[in-house]
Amino acid sequence: MTDIKSMTPAELTDALRALGEAAYRGKQVFSWLHRGVTSFDAMSDLPKPLRGKLAERFYITAPNIARKQVSKLDGTIKYLWELRDGNCIETVLMSYHHGNTVCVSTQVGCRMGCKFCASTVAGKVRDLAPSEMLDQVLFTKLDSGREVSNIVLMGIGEPMDNLDNVLRFLELVNSPDGLNIGMRHVSLSTCGVVPGIDRLAELGLQLTLSVSLHAPDSAARSRIMPVNNAYDVDELFAACHRYFEKTGRRISFEYAMIDGVNDSDAQADLLARKIRGMPGHVNLIPLNDVVESEFKPSRRAAAFQKRLEAHGITATVRRSLGGDIDASCGQLRRKAMEGREEA
Ligand code: SAH
């Protein structure tokens, strides 16, 4: 059986041709799938025998809502989905004045091991299929009744560690016969996997690259992010400069403020120096206190921001949403896993 929702429009057209069908059938099936139907029988403008043939060869993914939390503070919705194989992943829907953003997971768990992150505590279980990333957007939209204007690949997982499937997902979500979400409305966040950044630069997509930097010096960065031992912060900055030269796109640097680790004035100065030469934007994030972590939030965000701005680097302090529903990634899945272990 083949996962039909991971197929591109061109592949679907070929597959239907191979079944002796006219080319337009591929497009028909594609648009049904991307409207969220969960059975071939629901594809009412297909002849019955064709629906039967499809059901023999293909399956349609559709996650179940294992848990849904709605923030009373700001309407943020967090979904815990159960996938076909029983694994669980999270998706968050955030509403801003400029539209609704869905934060998509790319893997079940993560193997990058960042010390402050809840998603990586139990390691990586498996990659998500393109269909499983698409479903997060599709079923969030259908369940919430809200339109989705933006996608951020900032949920559980490292997108560069599953890049083939991520790129295919982007092709699907970008398709005019599907959700039709423009690349300019997509952000891809990486902990700093340099070959992935270079591969993305070659493709020249219009998406926004976010780099989870969190420290400008190797000593501090290695302390909190093991990926720094594979791709050192200077290699990472070199890749960012190459990315900007190739694509002309501004990079967004994520920087979670951690008390006594990455919040000194000297680190702000060093960060500014390393960004110089490209139009980078620094997003200062109040560290979410993860129970398992030894690291504590810094109180120096405003001072750090001022210091960066004095060097001519634009920096913002991210507004935190969904504080009452554990909306930061990995936290809900962790709780669900713990619940299971206790049961
Ligand atoms: N693996 C990718 C995308 C998922 S993480 C990446 O690392 O970019 C999404 C963002 O949340 C990253 O910037 C990550 O560093 C950050 N993050 C993880 N745990 C956090 C915490 N406890 N507080 C604040 N930000 C956190």
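# Close-up views: cavity, ligand and selected residues

**View 1. The count in this predicted model comes to one cavity of 30 Å³ or more.** Rolling a probe the size of a water molecule over the atoms shows where empty space is left. The largest cavity has a volume of about 50 Å³. What lines the largest cavity? Its lining is made up of T61, A62, P63, L83, R84, E132 and D135. Sorted by type, the lining of the largest cavity splits into three nonpolar residues, one polar residue and three charged ones.

**View 2. Zooming in on the ligand, we find 17 residues surrounding it.** The closest of these are G157, S189, S212, H214 and N288. By type, the shell around the ligand has eight nonpolar, seven polar and two charged residues. Which strands each supply at least two residues of that shell? They are β10, covering 186-190, and β12, covering 252-257.

**View 3. Here are some polar atoms of the protein that sit next to ligand atoms, starting with S212.** A polar side-chain atom of S212 lies 2.5 Å from a ligand oxygen. G157 takes part through its backbone instead: one of its backbone N or O atoms is 2.9 Å from a nitrogen atom of the ligand. C191 also uses a polar backbone atom, at 3.5 Å from an oxygen atom of the ligand. How much of the ligand's accessible area does the protein cover? On its own the ligand has 540 Å² of accessible area, and the protein covers 93% of that.

**View 4. This close-up takes in the loop between β11 (208-212) and α7 (218-224), where L213 lies.** H214 is found in the loop between β11 and α7 too, and H214 is also among the residues closest to the ligand. Is L213 buried or exposed? L213 counts as buried because its relative accessible area is 1%, and the cut-off is under 20%. H214, at 5%, is buried for the same reason: its value is under 20%. The backbone of H214 deserves a look as well: phi is near 65°, a positive value in a residue other than glycine. Looking from L213 across to M225, the two are twelve residues apart in sequence, with their C-alpha atoms 9.1 Å apart in space.

**View 5. N180 is a non-glycine residue with a positive phi, about 60°.** Where does N180 sit? Its place is in the loop between α5 (163-174) and β10. N180 has a relative accessibility of 48%, so it counts as partly exposed, falling between the 20% and 50% cut-offs.

**View 6. Helix α6, residues 194-203, is the place of D198.** With a relative accessible area of 24%, D198 is partly exposed, because that label covers values between 20% and 50%. How far apart are the C-alpha atoms of D198 and A239? They are 6.7 Å apart in space, with the two positions 41 residues apart in sequence numbering.

**View 7. A301 is found in helix α11, which takes in residues 301-310.** Its relative accessibility is 17%, so A301 counts as buried under the 20% rule. V282 is the partner in this view: A301 and V282 are 19 residues apart in sequence and 11 Å apart in space, taken C-alpha to C-alpha.

**View 8. G99 has its place in strand β6, which covers residues 99-103.** Is G99 buried or exposed? G99 is buried, because its relative accessible area of 17% is under 20%. The other residue to pick out here is M183: along the chain G99 and M183 are 84 residues apart, and 15 Å separates their C-alpha atoms.

Conventions:
Residues numbered from 1 in each chain as written. Predicted model: local features only at pLDDT ≥ 70, side-chain atom pairs only at ≥ 80, totals over all residues. Heavy atoms only, no water. Near = heavy atom within 4 Å. Polar contact = N/O pair within 3.5 Å; in protein donor to acceptor, adjacent residues only side chain to side chain. Areas by Shrake-Rupley, 256 points an atom, 1.4 Å probe, with all protein chains shown as cover. Helix = DSSP H or I, 4+ residues; strand = E, 2+ residues; numbered from the N terminus. Nonpolar A, V, L, I, M, F, W, Y, C, P; charged D, E, K, R; others polar. 1 Å grid on protein atoms, 1.4 Å probe; cavity = no way out; pocket = protein on both sides within 12 Å on 5 of 7 lines; lining within 4 Å. Points joined across faces, edges and corners; volume = space filled by probe spheres on them. Buried < 20%, exposed > 50% of the residue type's maximum accessible area, 1.4 Å probe, protein only.
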